[in-house]
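Here is a brief report on selected helices and residues. Look over the sequence and the model, then read on.

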Amino acid sequence: MRIGELAERAGTTTRTLRYYESRGLLPARRAVNGYRTYDENDLRLLQQIRTLQDFGFDLEETRPFVECLRAGHPAGDSCPASIAVYRTKLADLDALIGQLQSVRAQVGAQLMRAEAQLLQGPDPQCEFGG
């Protein structure tokens, strides 16, 4: 298939496909007439990249998954390098969740303080929206 068809089937743009090609994530095969050509395996690569990006992986983090698919593994996440990226991403997510929980606790404490202060009587300078 040509680049336009692949872009349409993958739900992306030809510009994005050219970018992936320039980054070495998508093969750069050319037909005799000079047009880029792709097959179903390339569509699988793109679907893997898009799924990982939807999960918050940056483009470079998708590389081990693409290489795993290219190596013939039916799932791009069954290679040691892919598993290592999963582990790193989980650790990053756990750290982010911890930060968010801390911020949530601080905001909750501020809310409780503000509500308690309101129950004691509003500040005369406080304006109520309404």
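Helix 4 (63–70) is part of what covers the buried residues of helix 5. Those buried residues are Ser82, Val85 and Lys89. The model is predicted.

Helix 5 takes in residues 80–119. How far apart are the end C-alpha atoms of helix 5? They are 58 Å apart. At 1.5 Å a residue, its 40 residues should span 58 Å, so the two values agree. Just after helix 5 comes Gly121, with a positive phi of about 120°.

An α-helix has 3.6 residues a turn, so residues three or four places apart point the same way.

Two residues are set side by side below, each with its helix and its relative accessibility.

| Residue | Helix | Relative accessibility |
|---|---|---|
| Arg87 | helix 5 (residues 80–119) | 61%, exposed |
| Gln48 | helix 3 (residues 40–54) | 18%, buried |

Take Arg87 in helix 5. Exposed means over 50% relative accessible area. Arg87 has 61%, so it counts as exposed. Arg87 lies 14 residues from His73 in sequence. In space, the C-alpha atoms of Arg87 and His73 are 19 Å apart.

Now take Gln48 in helix 3. Is Gln48 buried or exposed? The cut-off for buried is under 20% relative accessible area. Gln48 has 18%, so it counts as buried. Which residues does Gln48 contact, leaving aside its neighbours within four places in sequence? They are Phe65, Leu69 and Gly76.

Notes. Residues numbered from 1 in each chain as written. Predicted model: local features only at pLDDT ≥ 70, side-chain atom pairs only at ≥ 80, totals over all residues. Heavy atoms only, no water. Helix = DSSP H or I, 4+ residues; strand = E, 2+ residues; numbered from the N terminus. Buried < 20%, exposed > 50% of the residue type's maximum accessible area, 1.4 Å probe, protein only. Expected span 1.5 Å × (residues − 1). Contact = heavy atoms within 4.5 Å.
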